[in-house]
Amino acid sequence: MFGLPSKQAVTLTPSAVKQIIHLMENSGKEGLRIGVKKGGCAGMEYTMDFADSIDEHDEVIEQNGAKVIIAPMAQMFLFGTQIDFQTTVLETGFKFTNPNVVESCGCGESIRFKDL
């Protein structure tokens, strides 16, 4: 919807692809739905959930067998984002590198976007 014809709105690292495929296989779901919602100390938070279906206005990103579904309201906030899956000594999870973010809270759970 908001993407460019030759560029995906979101890209996935190989480790993110592997984890999303693993989650899809274990859940039997259509893919992983990502979005944003109001919340947290910086104002917005990323959301992730399994998708049972794909709505006609959703953007679907398929990369090497992994499927990410982006709701229309979130597309403009996520354009240009790279999603990685990292395992460190302290945490394991998806990491979003988003060029539209201008601030994040100290705990890293919430973000603020530049005015779009």
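1. Let's begin with the charged pairs. Four salt bridges are present in the structure, which is a predicted model. Three of them are described in the next points, and after those come a sheet, a helix, the nonpolar core and one unusual backbone angle.

2. Take Lys29 and Asp52 as a starting pair: their closest N and O atoms are 2.6 Å apart, forming a salt bridge. Lys29 sits in the loop between α1 (14-27) and β2 (31-38), while Asp52 belongs to the loop between β3 (44-51) and β4 (59-63), so this contact ties together parts 23 residues apart in sequence. How exposed are the two partners? Lys29 has a relative accessibility of 31% and counts as partly exposed, whereas Asp52, at 59%, counts as exposed.

3. Glu30, in turn, forms a salt bridge with Lys67, with 2.9 Å between the closest N and O atoms. Glu30 is in the loop between α1 and β2 and Lys67 is in strand β5 (residues 66-70), so the pair links parts of the chain that are 37 residues apart in sequence. Is Lys67 buried or exposed? Its relative accessibility is 14%, and because buried means under 20%, Lys67 counts as buried. Glu30 is partly exposed, at 33% relative accessible area.

4. One more salt bridge to look at joins the side chains of Lys37 and Glu45, at 3.9 Å from N to O. Both partners fall in the middle class of exposure: Lys37 is partly exposed at 43% relative accessibility, and Glu45 is partly exposed at 21%.

5. Now for a sheet. Three strands make up an open sheet with mixed pairing, in the order β1-β6-β7. Which strands stand at the edges? They are β1 (10-12) and β7 (92-97); each has a single partner strand, so one side of each has no neighbour in the sheet. On average, and ignoring direction, neighbouring strands here are turned by 25° against each other.

6. It is worth following β1 into its pairing. This strand runs parallel to β6 (residues 81-87), and three bridges join the two. If you would like a residue to click on, try Leu12, whose bridge partner in β6 is Ile83. The helix α1 lies across β1, β6 and β7, and runs at about 75° to β6.

7. The nonpolar interior comes next. In soluble globular proteins, nonpolar side chains tend to be buried together. Here the largest nonpolar core has 23 residues, and Val10, Leu12, Ile34 and Ile70 have the most contacts inside it. At least two residues of this core come from each of β1, α1, β2, β5, α2 (72-78), β6 and β9 (111-113). Which element gives the largest share? That is α1, with four residues.

8. Ile34 deserves a visit of its own. Setting aside neighbours within four places in sequence, Ile34 is in contact with Val10, Thr47, Met48, Val68, Ile69, Ile70, Ala71, Ala74, Leu78, Ile83 and Phe96. Two of these names will be familiar from the core: Val10 and Ile70 are among the residues with the most contacts inside it.

9. Finally, a backbone detail that you may want to check by eye. Asn64 is not a glycine, yet has a positive phi of about 50°. Where is Asn64? This residue lies in the loop between β4 and β5. Asn64 is also exposed, with a relative accessible area of 64%.

Key. Residues are numbered from 1 along each chain as its sequence is written. This is a predicted model: local features need pLDDT of at least 70, side-chain atom pairs count only at pLDDT 80 or more; totals for chains, interfaces and linings use all residues. Side-chain values use heavy atoms; hydrogens and water are left out. Buried means under 20% relative accessible area, exposed over 50%, partly exposed in between (1.4 Å probe, protein chains only). Two strands pair if DSSP finds at least two bridges between them. Axes are lines fitted to C-alpha atoms, for helices over the stretch in contact, and angles run from 0 to 180 degrees between N-to-C directions. Contact means heavy atoms within 4.5 Å. A nonpolar core is a set of buried Ala, Val, Leu, Ile, Met, Phe, Trp, Tyr and Cys residues joined through side-chain atoms within 4.5 Å.
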